[in-house]
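Me: I am new to this structure and should like to go through it step by step. Please reason briefly before giving each result.

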Amino acid sequence: MWNISIDAKKAFSTCTALPIHETDEDWEITLREAKEEGEDIHTTLKAELEEAKAELLQVLPSRFIPFLENGTLNQPVLPKDVRNDYLQWVRKQEEIFEKLLEAAYDQSEKAAANLPPTAQAVLTEGFHDAIIERVEREGENLHLFINTESGFYNKSYVHLVFQNVLTEIADMPLQTGQYMIYDELVRIKDGYALRVLFDAPESEWTISMEGIEASCYYRPAFYTIYYNEEMAEELTFEDYMKQLNPDHNYWLITPDVSCPIKFDSNKVILENGKMSLEEDKIIISVGNSRYEYKMEEYHPINFIFTETYEDPYAQNNEPLPQEEIESAILGSDLELQVRAWNTLFANPMNHVDLINNVLLQTEISEENEMLLAVFISDFNEKGILTDEVIQKFQAMID
């Protein structure tokens with residue numbers, strides 16, 4: 001029934017607990033750098049092997065045990081044929097686990113097909129690296145409030161409601177602060193079942209319920225911009241509120257409470273409560289409950305979410321006029337560079353000569369290296385790069 005399990009995850013973690021260098025060239029670089037830095041690399045490697053040894057003894061094929069026992073499995077003296085055999089075995093274990101994850105995704109996608117649209121999207125996308133922020137039980141229903149900002153999602157916060165819970169099995173009680181690593185949804189006779197694997201500490205939680213509802217919340221675009229530019233702490237709450245889109249609906253979400261809000265004269269208006277800012281703390285009163293948050297831990301803008309997703313960098317996708325592309329790419333404005341490359345990326349076959357021309361003039365820097373790697377890889381796959389450009393950027397293409 002289930003593809004993922006804590007046992008499968010532990011087996012995978014154990015099999016990949018001792019990484020080793022794949023080539024002689026990798027070893028040469030490592031040994032040279034260790035010598036230059038005065039590091040005793042052999043002692044370091046020995047300690048890594050000893051740390052993983054007990055677990056590896058449980059899963060390693062017998063042919064590798066002698067090299068584990070004599071301490072050479074992760075050393076440069078390991079025979080090349082043994083090294084290649086070990087690496088092949090590790091890759092096989094990775095493939096096995098990847099297939100389990102793929103099967104879990106396929107099953108989740110099928111199981112979610114009959115859920116309400118938001119719940120379907122959320123359960124299909126999954127919760128890798130999300131954090132349980134709040135757990136509330138209300139009769140037969142379970143509410144999970146999940147912070148998804150540490151994952152690769154547009155959404156920042158999710159409220160899941162498991163309706164009419166049927167069963168719940170866990171290695172340890174569900175609690176706030178748990179990291180969600182893998183999850184899988186299945187369809188059962190009476191509704192749905194969800195399994196989640198948590199990290200630190202590793203645990204498994206499985207719940208079945210008659211139905212699932214979900215709500216998603218997002219950071220306002222200005223929050224993302226200021227946060228990424230490390231300007232959030234310099235921004236006053238009043239100035240921040242002025243930049244919010246007045247046509248959107250907003251929510252106040254804290255570790256203890258979530259409720260819709262409105263703004264009036266630079267104040268946050270709660271339906272059944274009040275929010276006030278003092279010199280060193282944020283005070284929120286809802287009904288008969290009062291919550292305080294220290295300013296040194298929370299900025300008030302951390303609590304503001306919207307129901308509408310805004311792309312904070314939508315302007316980067318606005319095409320540049322062709323006559324401005326070359327000067328933008330060769331200029332110092334990184335935002336204009338991104339827009340220019342995105343313009344070429346959207347229709348590369350119509351800009352073959354321009355792409356090769358600007359690449360020959362472009363110098364690699366820390367600021368543009370990652371950006372260039374993405375576009376050069378794509379242009380090369382499309383077969384539009386000249387031999388001269390390929391030679392110049394061979395390291396990125398390899």
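Me: How many bridges join strand 2 to strand 3?
Reply: In this predicted model, strand 2 and strand 3 run antiparallel. One facing pair is formed by His143 and Val161 of strand 3. The number of bridges joining strand 2 to strand 3 is 6.

Me: Which residue stands opposite Gln163 in strand 6?
Reply: Strands of a sheet pair through backbone hydrogen bonds, either parallel or antiparallel. Strand 3 and strand 6 pair in the antiparallel sense, over 12 bridges. The residue of strand 6 that stands opposite Gln163 is Gly211.

Me: Which strand gives the most to the largest nonpolar core?
Reply: The largest nonpolar core has 30 residues, and Leu123, Leu160, Phe162 and Trp205 have the most contacts inside it. Two or more residues come from each of helix 6 (117–125), strand 1 (130–138), strand 2 (141–147), strand 3 (157–170), strand 4 (179–188), strand 5 (191–199) and strand 6 (203–217). With 6 residues, the element that gives the most to this core is strand 6.

Me: With which residues is Phe162 in contact, leaving aside its neighbours within four places in sequence?
Reply: Phe162 is among the residues with the most contacts inside the largest nonpolar core. Leaving aside neighbours within four places in sequence, the contacts of Phe162 are Glu140, Asn141, Leu142, Leu144, Leu194, Trp205, Ile207, Met209, Gly211 and Ile212.

Me: How many disulfides does a search of the whole structure find?
Reply: A disulfide is a covalent bond between the sulfur atoms of two cysteines. Cys216 is buried, because its relative accessibility is 14%, and its sulfur lies 18 Å from the closest cysteine sulfur, in Cys259, which is too far for a bond. The search of the whole structure finds a number of disulfides equal to 0.

Me: At what angle do helix 2 and helix 3 pack?
Reply: Trp27, Thr30, Leu31 and Ala34 of helix 2 meet Ile41, His42 and Leu45 of helix 3. These residues divide into 5 nonpolar, 2 polar and no charged. The axes of helix 2 (residues 24–37) and helix 3 (residues 41–59) are 10 Å apart, and the angle is about 115°.

Me: Which strands stand at the edges of the open sheet of 7 strands?
Reply: The order in this antiparallel sheet is 12-11-10-9-8-7-13. Each edge strand has a single partner strand, so one side of it is left without a neighbour in the sheet. The edge strands are strand 12 (289–294) and strand 13 (304–306).

Definitions and conventions:
Residues are numbered from 1 along each chain as its sequence is written. This is a predicted model: local features need pLDDT of at least 70, side-chain atom pairs count only at pLDDT 80 or more; totals for chains, interfaces and linings use all residues. Side-chain values use heavy atoms; hydrogens and water are left out. A nonpolar core is a set of buried Ala, Val, Leu, Ile, Met, Phe, Trp, Tyr and Cys residues joined through side-chain atoms within 4.5 Å. Buried means under 20% relative accessible area, exposed over 50%, partly exposed in between (1.4 Å probe, protein chains only). Helices (H or I, at least four residues) and strands (E, at least two) are DSSP runs, numbered from the N terminus. Contact means heavy atoms within 4.5 Å. Two strands pair if DSSP finds at least two bridges between them. A disulfide is a pair of cysteine sulfur atoms within 2.5 Å. Axes are lines fitted to C-alpha atoms, for helices over the stretch in contact, and angles run from 0 to 180 degrees between N-to-C directions. Ala, Val, Leu, Ile, Met, Phe, Trp, Tyr, Cys and Pro count as nonpolar, Asp, Glu, Lys and Arg as charged, and the others, Gly among them, as polar.
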